[in-house]
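Q: I have a protein model open and would like to learn how to read it. Could we go through a few features together?

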Amino acid sequence: MLGDEEQLPSRSSAGRAALDMFYVEFHNINFYVEDADQENLYKEILKRTFPQITIERIFPLGGKEFVLKHAENNNDSFGQKSVYIVDKDFDDFLGKMVQDERIFYLERYCIENYLIEEDSLIEIAIETRPKEKSNAIREHLKITSFINQNLEILSQLFNYFLCVQELNLGIKNCKCSTEDYSVLAKKWCIDTNKVDEYCYLVKQEAQNQGKFLTLRNYPTDYHKLISGKFLIALVFHYINSTKYKMSSISFDSFVYRVAKNCSLNS
């Protein structure tokens with residue numbers, strides 16, 4: 001038997017792209033984003049970032065290719081201004097950025113990179129144990145230290161992901177989940193053996209295809225190379241491994257709550 005979400009019809013990319021015409025009287029500016037399931041997250045972030053702008057709805061188009069295609073075909077005929085927000089991903093490294101004054105690439109890998117603030121993550125833990133002092137929770141979790149401990153191995157992994165895309169090797173890369181590279185019973189612990197195996201696979205495939213593998217120097221700002229979605233999933237599993245376990249909160253709910261608690265200064 002299908003669940004409720006599976007029974008509901010989903011809009012096609014064309015259907016999503018046409019939704020803006022129903023908001024002509026509400027919006028002076030339309031915001032278009034990639035992920036079809038991130039509408040509420042982007043709405044929360046943009047309404048807080050631009051409180052002076054009326055935002056009744058965000059328009060997710062189901063992927064970067066559809067966002068760029070919409071921008072290419074859109075002449076703002078309804079008199080509204082259009083703003084297209086897309087993840088940076090590896091586009092800057094690969095020279096794939098499209099030049100259009102309406103298209104804004106995030107300066108970090110993806111939107112989740114802007115949500116990784118220790119204070120906002122501590123607030124989630126406080127919701128689990130509201131009687132504990134925030135300083136005690138901060139000292140117990142040491143979230144920034146936890147992230148820093150993983151940066152070198154994650155930078156290596158994402159550097160190889162970048163090589164796979166650059167050389168078009170046909171190996172699964174950034175779509176991999178955190179769990180794909182974690183210790184089986186400890187989802188918050190990156191398994192260095194699994195990372196090493198992946199790197200070896202990439203080297204072998206490049207050699208088999210007669211392509212030259214070139215690794216870049218890691219950028220000093222890890223947010224430019226490492227997916228925030230990957231990182232925040234790691235933090236989610238880490239917090240759940242402690243006494244601040246969020247047994248009733250799904251990962252999507254966790255990300256949304258983190259966004260609501262963020263300062264968004266970045």
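Q: Leaving aside its neighbours within four places in sequence, which residues is S155 in contact with?
A: Happy to help! Keep in mind that this is a predicted model. Once neighbours within four places in sequence are set aside, the contacts of S155 are Y218, L225 and I226. S155 itself is found in helix 8.

Q: Is S155 buried or exposed, and why?
A: Here a cut-off helps: a residue counts as buried when its relative accessible area is under 20%. S155 has 7%, so S155 is buried.

Q: And how should I read T54: buried, partly exposed or exposed?
A: The range between 20% and 50% is called partly exposed. With a relative accessible area of 44%, T54 is therefore partly exposed. You will find T54 in the loop between helix 3 and strand 2. Its C-alpha atom is 9.7 Å from that of N30, and the two residues are 24 apart along the chain.

Q: Which residues of helix 3 are buried, and what covers them?
A: The buried ones are E39, L41, Y42, E44, I45 and L46. Their cover includes strands 1, 2 and 3, together with helix 11.

Q: What is the idea behind a nonpolar core?
A: In soluble globular proteins, nonpolar side chains tend to be buried together. In this model, the largest nonpolar core has 69 residues, and those touching the most other members are L115, I143, I147, Y198 and F254. Helix 8 supplies the largest share of this core, 13 residues. Apart from it lies another core, of 9 residues, including F59, A71, V86 and Y105.

Q: What does L115 touch, beyond its neighbours within four places in sequence?
A: Its contacts are L41, I45, S120, I232, V255, V258, A259, C262 and L264. Two of these names, L41 and I45, are already familiar from the buried residues of helix 3.

Q: How are two packed helices described?
A: By the angle between their axes and the distance between the axes. Take helix 6 (residues 118-128) and helix 11 (residues 251-261): their axes come within 8 Å and cross at roughly 115 degrees. The crossing of helix 6 with helix 11 is right-handed.

Q: Which residues make that contact, and of what kinds are they?
A: Helix 6 contributes S120, L121, E123, I124 and E127, while helix 11 brings F254, R257, V258 and N261. By kind, they divide into 4 nonpolar, 2 polar and 3 charged residues.

Methods
Residues numbered from 1 in each chain as written. Predicted model: local features only at pLDDT ≥ 70, side-chain atom pairs only at ≥ 80, totals over all residues. Heavy atoms only, no water. Axes fitted to C-alpha atoms, helices over the stretch in contact; angles between N-to-C directions. Helix = DSSP H or I, 4+ residues; strand = E, 2+ residues; numbered from the N terminus. Left-handed = near helix turned anticlockwise from the far one by under 90°. Contact = heavy atoms within 4.5 Å. Nonpolar A, V, L, I, M, F, W, Y, C, P; charged D, E, K, R; others polar. Core = buried A, V, L, I, M, F, W, Y, C linked by side-chain atoms within 4.5 Å. Buried < 20%, exposed > 50% of the residue type's maximum accessible area, 1.4 Å probe, protein only.
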